[in-house]
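Hi,

Here is the structure I said I'd pass on. Have a look, and my notes on it follow below.

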Amino acid sequence: MAAVAASQVEIDCSGLPTREINRGIRRAAADGATEIALLHPAGRHNLCVALFDPATVRVRGDAGWYCGGMIDGGTVLIDGNAGWGVAENAMTGRVEVGGNAGTGAGATMHGGELYVAGDAGSRAAISLKGGAVVVGRSVGYMSGFMMQRGSLVVCGDAGEALGDSMYEGTIYVAGEVASLGADAIDAELEPADEEFLRSELDRHELDRDPASFRKVVSGRKLWNFSKKEFEVWKTAL
Amino acid sequence: MENGSVDNGNGHGPFGERVSGRVLRPSHIWSPGVIEDIQEKAEIGRYRIRAYSTLRRTVHFEDLTFVPCTLTRIPLEGYRERCETRTVIGARHGAEPITLSTPITIAGMSYGALSANAKQALGWAASRVGISTTTGDGGMRPGEREDSKTLVYQVLPSRYGFDPHHLQMADAAEVVIGQGAKPGTGGLLLESKMSATIAEQRTLPEGVDQRSPVRHPDFFGPDDLQIKIEELREATDGRIPIYVKIGACRVLEDVKLAAKAGADLIVLDGLEGATGASPEALLDHTGIPTMPATVLAVRALREEGLEGEVNLIVSGGIRNGVDAAKALALGADAVSIGTAALIALNCNKPVHHEDYERLGTEAGACHHCHTGGCPVGITTQDPELAKRLPPQEASERVEHFLNSMTMEMQMMARACGKSDVHDLEPEDMRALTLESSLVTGIPFAGMDRPVAL
């Protein structure tokens, strides 16, 4: 671990066990470091997991699975791509991916924000419980599956079965939607939606017109068992 | 029958006499039960849902009997000589192991499925006895950490209420791949139990019929599970053991895969495992029973050279210390109980008869946890019903029951000449049925060798 400035620390991941890297991050943050750089991450899994300190960790390269998983208060900036489950179950804080993200980006996040500059794989924002997942390009199939609260913003296209079985929450898509999932329906874009979108787009310098987004919400036909809705239920049970 | 004789199926009574009047010849295929089932489904328009476990007879621990010491073995004195029950588990990867005073744990049951009083009573009883309890879908109930001295935190596919701070407060984490009552499917909590409190804890709308996902949101197969387990170790700095819970299906393969993925301990839940709500078809027609599943799991670990290194807890249909002792004799390190603990709380107690009647049942045959109308305040979110379960009294009943289980295990072990309940072994038993002999390899009573194909 090398100190660049009093508040800046660099950790060279080469040859270090993941446990030591994560311990190094926590130690540095506890010692007051506000910016921690991980050098040579080499796509390693489980970096910056359960980071509860208000430090910013920059991963200088690609990260493997679960980078920034379970964070609460920290910021993780990934220069490259991220594997499955980036920012999974984040409570608060921010994770940004400069490249693309794998399956389950932002899975079960309770709060905070995940921004993926490129594409996200299948099941982005699956079981989202709060916060916002913003994707600069497209998302794969079954994104927003069983979403509970929060927002998924897709500036490109969305794959099949978007928002399948979502309880609540809102999905915004600027491009094409291959298909909506069971009980996912279109809704009118309201001024509050456009305001939210403008704020997110401006923050990430994304050139999109908020008014061009399609809004998808829950049809709420799956909230309770009903023999009247067999056509919906037979695909969802 | 008009004349009181019983029709034997061909228009004649049991003594060959003609039966006058109606001739009742119920079909085996289209039995009254099947007819009722079809007509119920024709009314509700979906599969039937109920709680508890399967109603069918399974190959069970009761099909085995102990053969204690006689002239060939020397027994221990039942009331004097020490018989160890202490159980240490979860040390495979250097985490702080879990020490149980007796090889029993309380299975994962959610706050939502159970009332707060029930969860509290279980926690207090387990803490006094020195065993662990387990959270459930919805995460850690406020106060649950304080109620349970040793607490296992479940990592479920839904991640309802999953909080990494709670994970770090736990003594072990349990990644739930499935459960014995309904393997291959997710949890279910019906509208009547989805109160405002429970809904908020799960980030769900109040009053929905909650259907939990079955697949985890961020991993699928065993290779993925390995990375997930490593993530949980990173989140807890390797301090706590990681369990993997599976419903008993392809046990030989599943146990090997879970062990390879890095589990410190495998919780194997058999067909008799219960639940707060499930499609009935799953309860009766999925999974394999706990007793043969135990045999397969032990064999799997032995074949991998991991017996004793990866611990095994089995659950599903464990009713007393004798069932537990038989599970230990087959090679389990401990058992987990759910239904038995609820029955000790007061489940199916013959009180408040009118409320059993309101549910269309009676004490002794109630499996209506899914309705939320539990007459004894255990599986309900109705504050008035929950008052019927004062946690202090209820916890004492569970404590007494747990102690009785320990005494029964010790009694069997001492009678078999063992000074540690974990020293019980298959040779201490004989099979009472051909099936149990076949699946365990234990000699059929009266034969000197196992029944084998």
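**Helix packing in chain B**

Helix α2 (residues 116-129) of chain B packs against helix α14 (residues 391-415) of chain B at about 45°, with 8 Å between their axes. Because of that angle, α2(B) counts as oblique to α14(B) (under 35 degrees is roughly parallel, over 145 roughly antiparallel, 65 to 115 roughly perpendicular, and the rest oblique). Axes are lines fitted to C-alpha atoms, for helices over the stretch in contact, and angles run from 0 to 180 degrees between N-to-C directions. Helices are DSSP runs of H or I with at least four residues, strands are E runs of at least two, and both are numbered from the N terminus.

Before going on: this is a predicted model, so local features need pLDDT of at least 70 and side-chain atom pairs count only at pLDDT 80 or more, while totals for chains, interfaces and linings use all residues. Residues are numbered from 1 along each chain as its sequence is written, and chains are lettered from A and ligands numbered from 1 in the order in which they are written.

α2(B) passes α14(B) in a right-handed crossing (the near helix is turned clockwise from the far one by less than a right angle; anticlockwise would be left-handed). Among the residues that meet there are B:Trp124 and B:Arg128 from α2(B), and B:Val398 and B:Leu402 from α14(B); contact means C-beta atoms, placed from the backbone, within 7 Å. By class, this contact of α2(B) with α14(B) has nine nonpolar, four polar and two charged residues (Ala, Val, Leu, Ile, Met, Phe, Trp, Tyr, Cys and Pro are nonpolar, Asp, Glu, Lys and Arg charged, and the others, Gly among them, polar).

Then there's α7 (residues 251-260) with α9 (residues 290-303), also in chain B: about 45°, axes 8 Å apart. That makes α7(B) oblique to α9(B), and their crossing is right-handed. The contact of α7(B) with α9(B) has nine nonpolar, no polar and two charged residues.

**The core**

The largest nonpolar core has 203 residues, and those with the most contacts inside it are A:Val133, B:Ala173, B:Ala263, B:Ile266 and B:Leu345. A core here is a set of buried Ala, Val, Leu, Ile, Met, Phe, Trp, Tyr and Cys residues joined through C-beta atoms within 7 Å; buried means 20 or more other C-beta atoms within 10 Å of a residue's own, exposed 12 or fewer, and partly exposed in between. Leaving out residues up to four places away in sequence, B:Ile266 touches several residues, including B:Val255, B:Ala259 and B:Ala297.

Cheers

Note on methods:
Two residues are in contact if their C-beta atoms, placed from the backbone, lie within 7 Å.
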